[in-house]
Amino acid sequence: MASSGEDLPSDGDSPPAAAAVAGSAHLLGFSDEILLHILSHVPSTDLVVNVRHTCRKLAELCLDKSLTHTVLLQRDYEAGEDQVKQLVREIGREIQQLNMAGCYWLSGATIEHVARCRSLVKADLSGCHLTSLRLSKVLSALQRLRSLAIDVSPGFDAGQLSRECKATLSRVRELRQTLFTPSYGVVPCCTSLEKLLLYFEILDRTREGAILSGQLMVGQSNVPHYQNLRVFYARLAPGYINQEVVRLYLAVLSDRTPENLHAFLISVPGSFAESGATQNLLDSMARNVVLDALQLPKSWLSGSALLQHMRFHNPFYLSFSRCTVSGSLLMQHILNGGKDLRSLASLNLSGCAHCLAPDSLLRRAEDDIDSGILEMLVAACRNLRHLNLSAAHHHSAEGPGRHLCQLLARLGHLRSLSLPVCSVADSAPRADRKPAQPAMHAVPCGFGKKVRIGVQACPSPFPGQAGPQPSSVFWSLLKSLPFLQRLELIGSNFSSAMPRNEPAIRNSLPPCSRAQSVGDAEVAAIGQLAFLRHLTLAQLPSILTGSGLVSIGLQCQQLQSLSLANLGMMGKVVYMSALSDMLKHCKRLKDLRLEQPYFSANAQFFQALSQCSALQRLCLVSRSGTLQPEAVLAFMARCLHVVVCHMFTGESLAACRSLQQTLLRSFQAERPALNVVIFPLLHEGLADVIRDVPMAHLDEITLFKSRVAEEPPNLWW
């Protein structure tokens, strides 16, 4: 391999192809500034292993501090063991920030080479294979480290950490710790903590069936040090053990609340009962702390006067997900009576059924929202960039300018938005079109396609031509938000068939009646969003042909992730043809999650999907769905970047295992990060299979969830 200037071709050396086009512009003719910008989009491993050795000029530029200061290996699925070792060997001393989150395919011995990066200030090693001894060896060499992310797995022993390692940890100010076992991890060693992010992923039982207990932590380590803490964040996966362990962390906070605490966030699925210690903590926070970010379990807020006593100063993130918070309470005590809250960048009101109504006790799900409350919210939070209103029924009353979509159109800074499907329905049927019939009563026409009255079979992909009518409030909303990057339309009654740590859900609630008027035309309106990168559509019962998907594929050329669930009739997939046409245009699509009962993953589907040349991850969830093994194999052979193939269908266990083994045997050697899970959706062993999926994939694509305003902006990296 070339390592010196003599071995590199000079800038003047041109290959025959270049000589043939003499006189035309050459890439190296651009300024260094432009070349550095281009090189910043090249994976670090490619820069060091390949690009650096092409010519002298690029060899010099590839070592520029702007490229070596921060190295991102997260999602660089083609970075193999040898490439990473060479990267660290050649530029390790220059690296100050290293993100290796989710590099599960790299061995512990390779991760150990991080110890050579002695200038590291920030390192994310979450999802990497690290034993206590290896972690000790790595951290002992990183004396400048101030930010660290790691996993704490079964077998972790803080007693194996060396004195030098503990000295490094004592200087760490930011810690992100994912717990897979009851433990304090390295928190007691971090005596200078200012930011603590905790992710609790502990399962209630071991693989052998033994029940875990948080009492295992008693006497395990010293009391954590929180005196300098400014940010406390805890996210819990389902399970009683996670709640039991987080209480041990919170107990220390309840004794003495840090004076500089300004962000306190706890995300808990389901109920999380208050205790005496947590009540003391909340009382202390109300007296002594001024917050700019807050999220609490719903049981801590429901029916309490806590919010009336909390103090906020220029809040940038607020989440009341699944809380019983009325619009009156929200406006009076949180939004400061509708006064200026231009600092608020992210607001999560998902599952807050009463947040747009004056009284939470008297409102029914089918009642209309109070447009006055929403208008005050929009006026106060005019700089909102992320807003989540999903998982609730937000129905608008009739009247000019009173519709939810018309009011949200004033939030021109929005970059991500999550809405329930029923909220985008027009308040009353439009005069220019008849009401849509429920999808389950659609009558086949021609070759089995469903035709909706007043909607073209394939809307024009070009703005200004026939397609979604400008009179639609949803069409107008999207026209007002041209820079939206993430959009979620999720049925208010939708629940995924594959929840966390539980058997698959066999039955689902019917969609909201107002959602019946949201169909292909509304989906086609999404094609206006030229900068859209992430799209989720779930529980749209009136999708008749899926024609709107084609408009999205043609016009949303920046689309990187797509999640579709329960579109149209539940007993039949009505949009296969349109989906196939859409996928042909999605050249930048990296992630596809598809959840649809009775879905046939056949040759037609995989041939269309094969044209998504950038695709990396695929997850298919289909109760009573089928697979064609030959089509899957051909797809994997054509799409060379696919490293995640998760399929949960109605196929037999034997058929699933056979296909999974064939895929691994055929592609594992050339794709070290390959993760294949093929399993029957309704099999009783599903939860045990899910636990082996790397957390990065499980959290980002395998499990369905709303991601808008899920966490504060720039929480970690």
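**Exercise 1.** Which residue in strand 15 stands opposite Leu-489? Use the predicted model above to find the partner, then describe the neighbours of strand 14.

*Solution.*
Step 1. Start by finding strand 14, which covers residues 486-490. Strand 15 covers residues 534-540.

Step 2. Look across from Leu-489: the residue opposite is Leu-537 in strand 15. Strands 14 and 15 pair in the parallel sense, with 5 bridges.

Step 3. Now turn to strand 13, residues 416-420. Strand 13 also pairs with strand 14 in the parallel sense, over 5 bridges. Here Ser-418 stands opposite Glu-488 of strand 14.

Step 4. Finally, check how covered strand 14 is: 4 of its 5 residues are buried.

**Exercise 2.** How do helix 10 and helix 11 pack, and which residues meet?

*Solution.*
Step 1. Recall what to look for: two packed helices are described by the angle between their axes and the distance between the axes.

Step 2. Read off both values for helix 10 (residues 240-255) and helix 11 (residues 276-288): the angle is about 45° and the axes are 9 Å apart.

Step 3. Classify the angle. Under 35 degrees would count as roughly parallel, and 65 to 115 as roughly perpendicular. The two helices are therefore oblique to each other.

Step 4. Add the handedness: helix 10 passes helix 11 in a left-handed crossing.

Step 5. List the contact. Helix 10 brings Arg-247, Leu-250, Leu-253 and Ser-254, which meet Ala-277, Thr-278 and Leu-281 of helix 11. Sorted by class, this contact has 4 nonpolar, 2 polar and 1 charged residues.

Definitions and conventions: Residues are numbered from 1 along each chain as its sequence is written. This is a predicted model: local features need pLDDT of at least 70, side-chain atom pairs count only at pLDDT 80 or more; totals for chains, interfaces and linings use all residues. Side-chain values use heavy atoms; hydrogens and water are left out. Buried means under 20% relative accessible area, exposed over 50%, partly exposed in between (1.4 Å probe, protein chains only). Two strands pair if DSSP finds at least two bridges between them. Axes are lines fitted to C-alpha atoms, for helices over the stretch in contact, and angles run from 0 to 180 degrees between N-to-C directions. Angles under 35 degrees count as roughly parallel, over 145 as roughly antiparallel, 65 to 115 as roughly perpendicular and the rest as oblique. A crossing is left-handed if the near helix is turned anticlockwise from the far one by less than a right angle, and right-handed if clockwise. Contact means heavy atoms within 4.5 Å. Ala, Val, Leu, Ile, Met, Phe, Trp, Tyr, Cys and Pro count as nonpolar, Asp, Glu, Lys and Arg as charged, and the others, Gly among them, as polar.
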